[in-house]
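Reader: I should be grateful for a close look at a single part of this structure, the second largest pocket, set in the context of the whole chain. Please take the text in connected order.

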Amino acid sequence: MRASDDKPVKVALELPASLHRDLVDYAERLSRETGRLVSDPLKLIVPMLERFIATDRGISRIRRSSSEAAPSKS
């Protein structure tokens with residue numbers, strides 16, 4: 001499903017308690033390492049997902065094969 005515009009989409013999800021604890025721990029460690037406070041660990045989810053999708057080899061392969069198969073518009 002593709003949005004026809006760039007308006008943000010609000011999503012509600014339930015995290016397992018262990019994953020939430022890991023995310024809070026990660027935010028605390030990141031704050032110590034960078035010296036910048038991460039006030040809301042949930043705000044890390046979007047950049048983490050963006051990074052995952054940008055670096056996932058399987059997604060890259062699918063995107064390449066889709067763009068190669070699509071007819072060019074000229």
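How many helices and how many strands does the chain have? And which residues line the second largest pocket?

Author: The model is predicted. The chain has three helices and zero strands, and its pattern, read along the sequence, is α-α-α. Of the 74 residues in the chain, 7% are buried. The chain presents an accessible surface of about 7,300 Å², and carbon and sulfur atoms account for 55% of that surface.

Turning to the part requested, the second largest pocket has a volume of about 170 Å³. Its lining consists of Leu13, Leu15, Leu19, Asp22, Leu23, Ile45, Met48 and Leu49. Two elements give two or more residues to this lining, namely helix H1 (17–34) and helix H2 (45–55). In character, the lining divides into seven nonpolar residues, no polar residue and one charged residue. Asp counts as charged, whereas Leu, Ile and Met count as nonpolar, so the charged member of the lining is Asp22.

Leu13 deserves separate attention. This residue is placed in the segment before H1, and it is among those that line the second largest pocket. Is Leu13 buried or exposed? Its relative accessible area is 57%, and because the cut-off for exposed is over 50%, Leu13 counts as exposed. Leu13 also belongs to a nonpolar patch on the surface, formed with Val9 and Val11. Together, the three residues of the patch have about 330 Å² of accessible area. Leu13 is thus named both in the lining of the pocket and in the surface patch.

Helix H1, which contributes to the pocket lining, also holds a charged pair. Side chains of opposite charge can pair when their charged atoms come close. A search of the whole structure finds one salt bridge, and the side chains that meet in a salt bridge are those of Arg29 and Asp25, at 2.9 Å from N to O. Both residues lie in helix H1, four residues apart, which is about one turn of the helix. Where do the two partners stand in terms of accessibility? Arg29 has a relative accessibility of 46%, and Asp25 has one of 31%. Buried means under 20% and exposed means over 50%, with partly exposed in between; therefore Arg29 counts as partly exposed, and Asp25 likewise counts as partly exposed.

Technical notes. Residues numbered from 1 in each chain as written. Predicted model: local features only at pLDDT ≥ 70, side-chain atom pairs only at ≥ 80, totals over all residues. Heavy atoms only, no water. 1 Å grid on protein atoms, 1.4 Å probe; cavity = no way out; pocket = protein on both sides within 12 Å on 5 of 7 lines; lining within 4 Å. Points joined across faces, edges and corners; volume = space filled by probe spheres on them. Buried < 20%, exposed > 50% of the residue type's maximum accessible area, 1.4 Å probe, protein only. Areas by Shrake-Rupley, 256 points an atom, 1.4 Å probe, with all protein chains shown as cover. Salt bridge = Lys/Arg side-chain N within 4 Å of Asp/Glu carboxyl O. Patch = residues over 30% accessible without salt bridge, like charges linked within 9 Å, V, L, I, M, F, W, Y side chains within 5 Å.
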